[in-house]
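Here are my notes on the model, as numbered points. Please read them with the structure open.

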Amino acid sequence: MSLSLSPTTPVLVGIGVINQRETDLSKADEAVELMIRAARAAGDDCGAPELLQAVQRISVPKGVWSYQNPAKAIGEALGAPEATTVLAEIGILQQSLFADACRRIDSGEIDVALVAGGEAKFRALQATIQGLEAPESAQSAEPDVHLEPEQEIWSEVESEAGLGMPVGFYALMESALRQAQGESLDAHRDRVAALYEGMAEVAKDNPHAWNRDGMKAEQIRNASPKNKMLAFPYTKYHNSQWNVDQAGALLFCSVAKAEELGIPRDKWVFPQTSTESNFMVNTSQRVDLAGCPGARLAGKKALELADMTVDEIDLLELYSCFPSAVQIYAREIGISLDQQITVTGGMTFGGGPLNNYVLQSTARMAELLREQPGKKGYVTSVSGMLTKQGFGVWSTEPNPNGFGFADLTDEARAEAPPLELVKVDSGEGKIVGCTVLFQGDNPWRAVVVVTLPNGKRTIAYNENPELMAAAMEEEFVGRTAQLKDGVFTL
């Protein structure tokens, strides 16, 4: 295989995944230690742990922790203190970090790169429950490279209407999907719950999954004391489970380096293509709340660069922070939801460490590809409220055309510029998205996205109990809303 390969072809050689479920805080590692353990596991996995000392670039996606430069701590622990350190804030695609590593290797700039990330939310939760402290290591060093998104991932108008947590935004998208597909509220809820039951089944066979017990559709669909409604129609079990202690590390190097160290060929997994769209549009400003042009453009480009069609995907991972993300990606790319759509069990059951999940899903994909040489895996990535979109094609076989990369940001911007979002003193408009936000066990606020006669958008809310109850029993999307001082009525 190497005879036809450029010596700078990037290859994933080391996979490290760490799960910690420790209730004794004296034994529970903090997040940066989990990352270090994952990195060491990746070194051991490739059979050449000395490769870790040759790492030249370490990239870490920002988590809920407070570290300023975790990549520095990782590098020092691995014996690579001179490695360039990168911290990517929330709002930067994890797929972008993989692409950055691969492009630098492909160009000959570096030979070895590590992408690592992790969370210790379960540890923090245990500390809260037990009334104890879960301290984090202090860091003073700044990263060499600090990646930040171009803008905020939601607007002031959205925030004033009560939107803040991701679940509300994704529930609005879900309502638009439901209406676009002509489904009743009950039929839609049944279908989505069945989709997630299937994901729970996959988690049973994933040794790294956080919840391997399985779960029936009825348990997922309906609110209960352990499964509170968060934003209709989403319960807790539709939601990414972020109270996990999970870390992942992916160790990349050039083909030349892999051959130099004698890393076995059966460890090699090639990043065939990586594509992304970074065009940021607030949820309520999207022309179609049930659509995502960036996903269609970048998703199909990833396949095109790998000389394959959607029907030739052998293993699939659809990003699963919420059901609408899964479904919108599938619709835009032309993927049937009647097949297995995850290799992990998804972010509810596999575990959803806040800004690190794509490391988990890619690691699991690479494990499975090693077991099935020649197959192709397709991994999708999301940042924000379906704000940015990333895609990767992976295989134990190299891309005959070499590693392929494309940024479709400009194309996405040209296709679907955002609608203007305004405050409205009085008027009316067509509802294009609707949800009911909950506080505790109780409905708190019905929120709607409204298209005005002039084509602009606004958001309004209503806290009337009868109206909120109606919004969970009948379709509001498509109806005309009366607007006054930020409040809507029908």
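1. Start with valine 379. Its bridge partner in S12 is glycine 392. On the S10 side, valine 379 of S11 is the bridge partner of glutamate 317. Keep in mind that this is a predicted model.

2. The two pairings of S11 differ in sense. S11 and S12 (residues 388-395) are antiparallel, with 8 bridges. S10 (residues 315-317) and S11 run parallel, joined by 3 bridges.

3. Look next at the turn. The hairpin of S11 and S12 has 4 residues between the strands. Glycine 384 takes a positive phi there, near 75°.

4. Is S11 buried or exposed? The strand spans residues 376-383, and 8 of its 8 residues are buried. In a regular strand, side chains alternate between the two faces of the sheet. Here Lys376, Tyr378, Thr380 and Val382 point one way. Gly377, Val379, Ser381 and Ser383 point the other way. Both sets are buried.

5. Now the core. The largest nonpolar core has 90 residues. Which of them touch the most other members? They are Tyr170, Phe252, Tyr378 and Leu386. Tyr378 is also one of the S11 residues listed above.

6. Tyrosine 170 deserves a check of its own. Leaving out residues up to four places away in sequence, tyrosine 170 touches Tyr234, Cys321, Phe322, Ser324, Ala325, Val382, Gly384, Met385 and Leu386. That list includes Val382 from S11 and Gly384 from the hairpin.

7. A separate core of 40 residues lies apart from the largest one. Among its members are Leu34, Ala83, Val255 and Ile263. In soluble globular proteins, nonpolar side chains tend to be buried together.

Note on methods
Residues are numbered from 1 along each chain as its sequence is written. This is a predicted model: local features need pLDDT of at least 70, side-chain atom pairs count only at pLDDT 80 or more; totals for chains, interfaces and linings use all residues. Side-chain values use heavy atoms; hydrogens and water are left out. A nonpolar core is a set of buried Ala, Val, Leu, Ile, Met, Phe, Trp, Tyr and Cys residues joined through side-chain atoms within 4.5 Å. Buried means under 20% relative accessible area, exposed over 50%, partly exposed in between (1.4 Å probe, protein chains only). Contact means heavy atoms within 4.5 Å. Two strands pair if DSSP finds at least two bridges between them.
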